[in-house]
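Please read this briefing alongside the sequence and the 3D view. Some terms are explained where they come up.

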Amino acid sequence: MSPFRRSLSLGALIPLIAAPLTGAAVPALAATPVLQAPMIHHDGGATPFFISHGGPKHTTVTSDNWSGYAATGSTYTSVSTTFTQPAVNCSSGDGYSSFWVGLDGYSSESVEQTGTEADCSGGQATYSSWYEMYPAYPVTYSNTVRPGDVITETVSYASNTYTLTLKDTTENWTKTTTKKESGLSRSSAEVVAEAPYSGGVLPLDNFGTVKFSNSTVNGATLSSTSPTGMNMVSDSGVPEATISSLSGGNFSITWNSL
C-alpha cells in the first residue's frame, strides 16, 4: 500500500514522488506511478490525483481507488474491452463504482476515458455512462444502462483526435465522442474498476465480480503488453478490489469490502 495520502497537495507531493521506494523486491530506481482519479459526478468537479506504490512494469501495485491493468512503457493509440455491467448490492450503505478504459493517467497528468458508473444512495442503485477528457469535467450520457447489459468501451487516437466510444449491445445504443487535443503523452492504457472521488475517495460499492474480455491495447491483446496489475486497498490496508490473473485479454476484478 502506498505510504502517501491523497489529502496532500500537489506541491507537497512533488518531493515525495522523487523519493526512493521502499519494500521487498522493489528496485530503488523504479518509477512511482501517479494515477488520476477520473469520475467526479458528485461535487461539480475537483479532480484529485493519488500515488500508488509498487514496482516497475510487470508487477502488481496497490492504489487508493483503481483496480485493473495498465499498459505502460510505450506510446499508446487505442484501448478497448467488453464486460457485463454488474449489479451493485446496496444493502451495506452508500457506495460508488466505475468501470472504464482510458489512455494516460497512470504516469501522466491527463486521462482520456469512457465508461459506466453504478452508485448506491439511500438504498437505491443507479446506473449511468460517461466520458471524460481530464482535466476537463466528466460528461454524463443520458442513455439507459442496466445491470446485465453487455458494454464495449474503446478509446483511440489518430491525428490529434481522440475518439471515445461506448456501446451498449443489450440496450442497442452507441455513443461516440471525438475531441481534438494535442501534446498529451499517451504513456499508458488502462482497463479499470474505480472508486470515484468527491472530496476524497468514496466508498466502493459491492459489485461482486466484473469480468472483462477481449481487452486490447494498440490492437493486440492486453497481456501482450506485460501490463502492471493494480489492486485497490484502503488507507488502513484492507483489500477493496482484487484482480485475477490475466489471460490474453480476459481477467476479472472482485469486490472485497466497502
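Which side chain of opposite charge is nearest to Asp104, and how far away is it? The answer is Arg186, 6.3 Å away, and Asp104 has no salt bridge although it is buried. This is a predicted model, in which local features need pLDDT of at least 70 and side-chain atom pairs count only at pLDDT 80 or more, while totals for chains, interfaces and linings use all residues. Residues are numbered from 1 along each chain as its sequence is written, and side-chain values use heavy atoms, with hydrogens and water left out.

**Terms for charge and burial**
- Buried means under 20% relative accessible area, exposed over 50%, and partly exposed in between (1.4 Å probe, protein chains only).
- A salt bridge is a side-chain nitrogen of Lys or Arg within 4 Å of a carboxyl oxygen of Asp or Glu.
- Lys and Arg count as positive and Asp and Glu as negative; His and the chain ends are not counted.

**Surroundings of Asp104**
- The side chain of Asp104 makes a polar contact (N or O atoms within 3.5 Å, one able to donate a hydrogen and the other to accept it; residues adjacent in sequence count only if both atoms are side-chain atoms) with the side chain of Ser110, at 3.2 Å.
- A polar atom of the Asp104 side chain lies 3.0 Å from the backbone nitrogen of Ser187.

**Leu164**
- Leu164 counts as buried because its relative accessibility is 0%.
- Between the C-alpha atoms of Leu164 and Trp130 there are 9.8 Å, and the two residues are 34 apart along the chain.

**Nonpolar cores**
- The largest nonpolar core (buried Ala, Val, Leu, Ile, Met, Phe, Trp, Tyr and Cys residues joined through side-chain atoms within 4.5 Å) has 42 residues.
- Val79, Leu103, Phe207, Phe212 and Ile253 have the most contacts inside this core.
- Another core, apart from that one, has ten residues, including Trp66 and Met230.
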